[in-house]
Amino acid sequence: MLQLKQISKTYGQTTALQSINLSISAGKTTILLGQSGSGKSTLLRIMNGLIQADSGGTVYFEGTQITQENALNLRHKMGYVIQEGGLFPHLTASQNISLMAHYLGWHQDRIDKRVTELAQLTQFPLEGLNRFPLQLSGGQRQRVSLMRALVLDPGLLLLDEPLGALDPMIRSELQTELKDIFQTLGKTVVLVTHDISEAGFLGDIIVLLRDGQIVQQGNLAELVHTPADPFVTQFINAQRSPIEALTGNL
Ligand code: ADP
Ligand code: MG
């Protein structure tokens, strides 16, 4: 579904990404995992053409090379949840969700039907649809961001730390829901997280990044049992929970 070849990105003196080659398989959930600053958000933005890779790098989406000219149109086929949600505070939940549908000239009936459908899918209370983001809980805001990304029914969903700001109980609840939603919809998902247990729970494939380079790709068991580099084990052990340490898991 997505093919990235020789993707590098520098911001002045900072090298955010270095020669990334990566294929994203249709229908699977791929996790971009790594510490803060490892290049995850930059990679996601390059995937949907919001920013361009340095010269020499190419991104193909369903066989079409993404360029500055076609990026805007191709983005309609990619839902994107930016880090921190990015909801417009002066628009209601419903208005936030339907922004792109309005822009594309959908009739109000079709928009209302779609918003209701999405609220059911994400278990968002209908009475919350007319509230502003600040009048919603953190978990509800994340649902609104997700609905906004899904409104045009894109084949590809790009999620940048969609559960980042939530407390642990809500986070684990939403992880379960997200997994159900991904399975129900059968979409191709690329999800950014720094949390290895979230990566293992949600991902079919985990891509571990360090300083803008891919250290290893594989499922959680492969990262744990056949680490490609000592860094993989360090990264995993750094997140080992006190409970796991007690019970000897991992
Ligand atoms: P992550 O999402 O993994 O935390 P980012 O992709 O946001 O990482 O950032 C990767 C590196 O690029 C970091 O060193 C960051 O400071 C730098 N960076 C990201 N965006 C910009 C920008 N717009 N201008 C300058 N440096 C940036
Ligand atoms: Mg980021």
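**Close-up 1. What kinds of residue make up the shell around ligand 1?** In this predicted model, the shell splits into two nonpolar residues, eight polar ones and a single charged one. The residues in question are Tyr11, Thr14, Ala16, Gln35, Ser36, Gly37, Ser38, Gly39, Lys40, Ser41 and Thr42. Look for the run from Gln35 through Thr42, with Tyr11, Thr14 and Ala16 also around the ligand.

**Close-up 2. Oxygen atoms of ligand 1 and their polar partners.** Start at Thr42, where an N or O atom of the side chain sits 2.5 Å from an oxygen atom of ligand 1. Gly39 joins in through its backbone instead, with an N or O atom 3.1 Å from a ligand oxygen. Ser38 uses its backbone too: a polar atom there is 3.2 Å from an oxygen atom of ligand 1. As for cover, ligand 1 on its own has 560 Å² of accessible area, and the protein covers 62% of that.

**Close-up 3. Which elements give two or more residues to the shell around ligand 1?** Two elements fit the bill: β2, spanning 14-24, and α1, spanning 40-47. Of the elements, α1 chips in the most, with three residues.

**Close-up 4. Helices α5 and α6 side by side.** Here we have α5 (residues 138-150) packed against α6 (residues 168-185). Their axes are 11 Å apart, and the packing angle is about 20°. An angle under 35 degrees counts as roughly parallel, so that is how α5 runs relative to α6. As for handedness, α5 and α6 make a right-handed crossing.

**Close-up 5. Helices α3 and α4 at an angle.** This view takes in α3, which covers residues 93-103, and α4, which covers residues 108-121. The two axes come within 10 Å and cross at roughly 130°. With that angle, α3 and α4 are therefore oblique to each other. The crossing of these two helices, α3 and α4, is right-handed.

**Close-up 6. Helix α3 again, now with α5.** Swap α4 for α5 as the partner, and the axes of α3 and α5 come within 7 Å. How do α3 and α5 lie, roughly parallel or oblique to each other? They cross at roughly 25°, so α3 and α5 are roughly parallel to each other. The handedness of the α3 and α5 crossing is right-handed.

Technical notes. Residues are numbered from 1 along each chain as its sequence is written. Chains are lettered from A and ligands numbered from 1 in the order in which they are written. This is a predicted model: local features need pLDDT of at least 70, side-chain atom pairs count only at pLDDT 80 or more; totals for chains, interfaces and linings use all residues. Side-chain values use heavy atoms; hydrogens and water are left out. A residue is near a molecule or strand if one of its heavy atoms lies within 4 Å of it. A polar contact is a pair of N or O atoms within 3.5 Å; within protein, one must be able to donate a hydrogen and the other to accept it, and residues adjacent in sequence count only if both atoms are side-chain atoms. Accessible areas come from the Shrake-Rupley method with a 1.4 Å probe; for residues, only the protein chains shown count as cover. Helices (H or I, at least four residues) and strands (E, at least two) are DSSP runs, numbered from the N terminus. Ala, Val, Leu, Ile, Met, Phe, Trp, Tyr, Cys and Pro count as nonpolar, Asp, Glu, Lys and Arg as charged, and the others, Gly among them, as polar. Axes are lines fitted to C-alpha atoms, for helices over the stretch in contact, and angles run from 0 to 180 degrees between N-to-C directions. Angles under 35 degrees count as roughly parallel, over 145 as roughly antiparallel, 65 to 115 as roughly perpendicular and the rest as oblique. A crossing is left-handed if the near helix is turned anticlockwise from the far one by less than a right angle, and right-handed if clockwise.
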